[in-house]
Amino acid sequence: MIIPPHLAIKSLRDSGYKNAASAIAELMDNSIQHKAKNVELICIEKEERIKQRVRARLENIVVVDNGTGMDKETMYKALQFGNGTNLGIENQKGMGKFGMGLPSSSISQARKVEVWSWQKGYKSALYSYLDVSQIESGDLIDVPKAKAKAIPKDLVSMSKIVKDSNSGTIVLWSELDRCNWKTANSIFKHSEDLIGRMYRYFIDSGEVKINLLS
């Protein structure tokens, strides 16, 4: 073992993404590269009481697309650091070029990332995940093999595209310990300009629609 896992994961969490907006944009880049026509950024809030006040706090960040989806092998590669489906020169057309996109962007903001992906309707979804706590403790030393697992009903109902998509992917972040912005509004405020600027040609041409949902 050249680098102990608990040190490696700390270093990987510190690399590359200045804030949640740039990390979210990385996921959207993956979606667009994989031929998504619709992409959603869903922010899920939870009400919490502090003394006499009730306020909404960001609990999950979700990116949903209706791209080509992933099979078991592709999902395994997509969740490996340094691997991926865009390593060939012919596929290096966007931000997500170096196989670090999905896992690296995700753990830069959250301690857990869960992925569902399907190619024959959303009820056929495969599932896998990465959990920083399990990696640090040594309980998770490889990407869990993708298995059939139903998409949570609340995610299906929140999304405007899942039910109508023959193929697609959901990436869900939880335990958002490194996300500086604590509400859906602040995520949208800081992400909208960056996402709009990066994908303006796709949006203007009608190739891609990007929706922000709370």
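## A seven-stranded sheet and what packs on it

Valine 39 stands opposite isoleucine 210 in strand 7. That pair is a handy way into the fold, but first some ground rules. This is a predicted model, so local features need pLDDT of at least 70 and side-chain atom pairs count only at pLDDT 80 or more, while totals for chains, interfaces and linings use all residues. Residues are numbered from 1 along each chain as its sequence is written, and side-chain values use heavy atoms, with hydrogens and water left out.

**The sheet**

The protein has eight helices and seven strands; these are DSSP runs numbered from the N terminus (helices are H or I with at least four residues, strands are E with at least two). The seven strands make an open sheet, ordered 5-4-3-6-2-1-7, with mixed pairing. Strand 5 (147-148) and strand 7 (209-213) sit at the edges with a single partner strand each, so one side of each has no neighbour in the sheet. Pairing here takes at least two DSSP bridges between two strands.

At the strand 7 edge, strand 1 (residues 38-50) and strand 7 run parallel, joined by five bridges. Strand 3 (112-118) has antiparallel company: six bridges tie it to strand 4, and seven bridges tie it to strand 6, also in the antiparallel sense. To find these pairings on screen, look for valine 115, whose bridge partner in strand 4 is serine 128, and for lysine 112, whose bridge partner in strand 6 is serine 174. Strand 3 is mostly covered, too, with six of its seven residues buried (under 20% relative accessible area; exposed is over 50%, partly exposed in between, using a 1.4 Å probe and protein chains only).

**Helices across the sheet**

Two helices are worth a look here. Helix 2 (residues 20-33) lies across strand 1, strand 2 (53-65), strand 6 and strand 7, and runs at about 30 degrees to strand 2. Helix 7 lies across strand 1, strand 2 and strand 7, at about 155 degrees to strand 1. The angles run from 0 to 180 degrees between N-to-C directions, with axes fitted to C-alpha atoms (for helices, over the stretch in contact).

**The cores**

What sits between these elements? The largest nonpolar core has 41 residues, and those with the most contacts inside it are Ile24, Met28, Ile61, Trp173 and Ile187. Helix 2 gives the largest share of this core, eight residues. Other elements that give two or more residues include strand 1, strand 2, helix 3 (72-78), strand 6 and helix 7. A core in this sense is a set of buried Ala, Val, Leu, Ile, Met, Phe, Trp, Tyr and Cys residues joined through side-chain atoms within 4.5 Å.

Methionine 28 brings us back to the opening pair: leaving aside residues up to four places away in sequence, it touches Val39, Leu41, Val63, Ile195, Tyr199 and Ile210 (contact means heavy atoms within 4.5 Å). There is also a second, separate core of 22 residues, Ile42, Tyr127, Tyr129 and Ile170 among them.

**Salt bridges**

The structure holds eight salt bridges (a side-chain nitrogen of Lys or Arg within 4 Å of a carboxyl oxygen of Asp or Glu). Here are three of them.

| Basic residue | Acidic residue | N to O distance |
|---|---|---|
| lysine 10 | aspartate 14 | 3.4 Å |
| arginine 13 | aspartate 177 | 2.7 Å |
| arginine 57 | glutamate 48 | 3.5 Å |

The arginine 13 and aspartate 177 pair links distant parts of the chain, 164 residues apart: arginine 13 is in helix 1 (residues 5-13), and aspartate 177 is in the loop between strand 6 (168-174) and helix 7 (184-198). Arginine 13 is buried, at 5% relative accessible area, whereas aspartate 177 is partly exposed at 40%. Salt bridges with shared partners also join Arg13, Arg111, Glu136 and Asp177 into one network.

In the pair of lysine 10 and aspartate 14, both ends are partly exposed, lysine 10 at 49% relative accessibility and aspartate 14 at 46%. Arginine 57 is partly exposed at 28%, and its partner glutamate 48 is partly exposed at 30%.

**The whole chain**

Buried residues account for 48% of the 214 residues. Among contacts between residues at least 6 apart in sequence, 71% join residues at least 24 apart. The accessible surface comes to about 11,500 Å², with 50% of it belonging to carbon and sulfur atoms; areas come from the Shrake-Rupley method with a 1.4 Å probe, and for residues only the protein chains shown count as cover.
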